[in-house]
Amino acid sequence: MTSEITLNSPAKINLYLDVTCKRQDGFHELCTVMQEIDLCDTITVKVSKGDDIIVTAGSLGNIDGKKNICYKAVLLFKEKYIAKGGKQFAASIAIDKKIPMGGGLGGGSSNAAYVLRALNELFDKALTDDELVEISAQLGSDVAFFVKGGTALCLGRGEIIKKQLDVPVNYYVLFNPGIEIPTPSVYKNLKLTAEVADKIDIDTFMSKLDEEEILLYNFLETSVFDLYPQEKKIRDEFISVGAKKSIVSGSGATVLGLADSEEDALRIKAEMEKSFSGQAWVVKTYH
Ligand code: C5P
């Protein structure tokens, strides 16, 4: 028994991210809208007889097994699958990385979720969507989002998928200055009592979506700008080169600019590359 499947594992951006409060368990309560975009890693999952789990990532080589989120995803899948009467199996996961790490684009979370999706395909949908979501929540706050995919309003730590949203396709430019921002440091530096002048509430955000307009908002941005002032320079540059709106994606370091069209996005990307060193992409909503 050997079978394999290859899937795209897309990145995400947060179109909207508000923090409601800090919880007793140290996590923050969120109201966020996440959207998959067409910047993708590629994942090949192969299952065969045995019980080994191997995770490799191209030039990055063998990934330190037990700490890797994809390794943990396979372990949790096995646990559930075997408990439901499935047989032990060996899995080898090969990841072709395109999504920058520590970039606020959810690359690791996406990889873990798409490993779960791939395994479930290979085992004829042995687990229900709800079971996959339950496993995902143990892996990270935004893994569950990628199990469902698309665009969704998420609550809790981010792991509660409240509502999937049907949104128009938009073009964005992503700019990553080549730094990795640790998510915990951004949350730790939040000033939860601070008044935010440009705060947008979720109802306003949703009502604009109905009119096919995207408002962008990220409460984490102030904390990111405080810790990494160059992130604000990138955001400001996006606006001065004509992006309709610009925000930091998640906890950074990637900053995104909303473009009018693919052509406009290509122009903005070229301008951004002239102003800063780093990596830029033109991306669109992934369906
Ligand atoms: O769940 P995840 O591994 O993505 O979280 C990484 C870190 O980000 C957490 O350890 C925590 O410090 C912070 N975090 C948070 N509140 C959230 C999500 C993440 O404080 N809702």
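Modeller: Let me start with the terms: a residue is called exposed when its relative accessible area is over 50%, buried when it is under 20%, and partly exposed in between. Please keep in mind that this is a predicted model.

Biologist: Thanks! Then is E212 buried or exposed, and how do you know?

Modeller: The relative accessible area of E212 is 59%. The cut-off for exposed is over 50%, so E212 is exposed. This residue sits in the loop between helix 6 (202–210) and strand 8 (217–218).

Biologist: What makes the phi of E212 worth pointing out?

Modeller: Phi of E212 is near 65°, which is positive, and the residue is not a glycine. Most residues other than glycine have a negative phi. K125 is another non-glycine residue with a positive phi, here about 55°.

Biologist: Where does K125 lie, and what is its relative accessible area?

Modeller: K125 is in the loop between helix 2 (107–122) and helix 3 (129–139). Its relative accessible area is 55%; set against the limit of over 50%, that makes K125 exposed.

Biologist: What about the peptide bond from G252 to A253: is it cis or trans?

Modeller: That bond is cis, with omega near 10°. Most peptide bonds are trans. A253 belongs to the loop between strand 9 and strand 10.

Biologist: How do you know that strand 9 and strand 10 pair?

Modeller: Pairing asks for at least two bridges between the strands. Strand 9 and strand 10 (residues 255–259) have four bridges, in the antiparallel sense, so they pass. Within this pair, S246 is opposite G257 of strand 10.

Biologist: Which sheet do these strands help to form, and in what order?

Modeller: It is an open sheet of four strands, ordered 9-10-7-11, with antiparallel pairing. Strand 9 (245–248) and strand 11 (279–284) each have a single partner strand, so one side of each has no neighbour in the sheet. On average, neighbouring strands are turned by 20° against each other, direction ignored.

Biologist: How many disulfides does a search of the whole structure find?

Modeller: The search finds zero. For C21, the nearest cysteine sulfur belongs to C31 and is 12 Å away, whereas a disulfide needs two sulfur atoms within 2.5 Å. For C70, the nearest one is that of C40, at 15 Å, and C70 is likewise in no disulfide.

Biologist: Why is C21 called partly exposed, and is C70 buried or exposed?

Modeller: C21 has 33% relative accessibility, so it falls in the partly exposed class. C70 has 1%, and because buried means under 20%, C70 is buried. I93 in strand 4 (residues 90–96) is buried too, with a relative accessible area of 1%.

Biologist: Now the ligand: which residues surround it?

Modeller: They are G26, F27, H28, L30, G140, S141, R157, T183, P184 and Y187.

Biologist: And what makes the approach of S141 to the ligand a polar contact?

Modeller: A polar side-chain atom of S141 is 2.6 Å from a ligand oxygen, and the limit for such a contact is 3.5 Å. An N or O atom in the side chain of H28 is 2.8 Å from an oxygen of the ligand. A polar backbone atom of R157 lies 3.0 Å from a ligand nitrogen. On its own the ligand has 450 Å² of accessible area, and the protein covers 71% of it.

Note on methods
Residues numbered from 1 in each chain as written. Predicted model: local features only at pLDDT ≥ 70, side-chain atom pairs only at ≥ 80, totals over all residues. Heavy atoms only, no water. Helix = DSSP H or I, 4+ residues; strand = E, 2+ residues; numbered from the N terminus. Axes fitted to C-alpha atoms, helices over the stretch in contact; angles between N-to-C directions. Buried < 20%, exposed > 50% of the residue type's maximum accessible area, 1.4 Å probe, protein only. Near = heavy atom within 4 Å. Polar contact = N/O pair within 3.5 Å; in protein donor to acceptor, adjacent residues only side chain to side chain. Areas by Shrake-Rupley, 256 points an atom, 1.4 Å probe, with all protein chains shown as cover.
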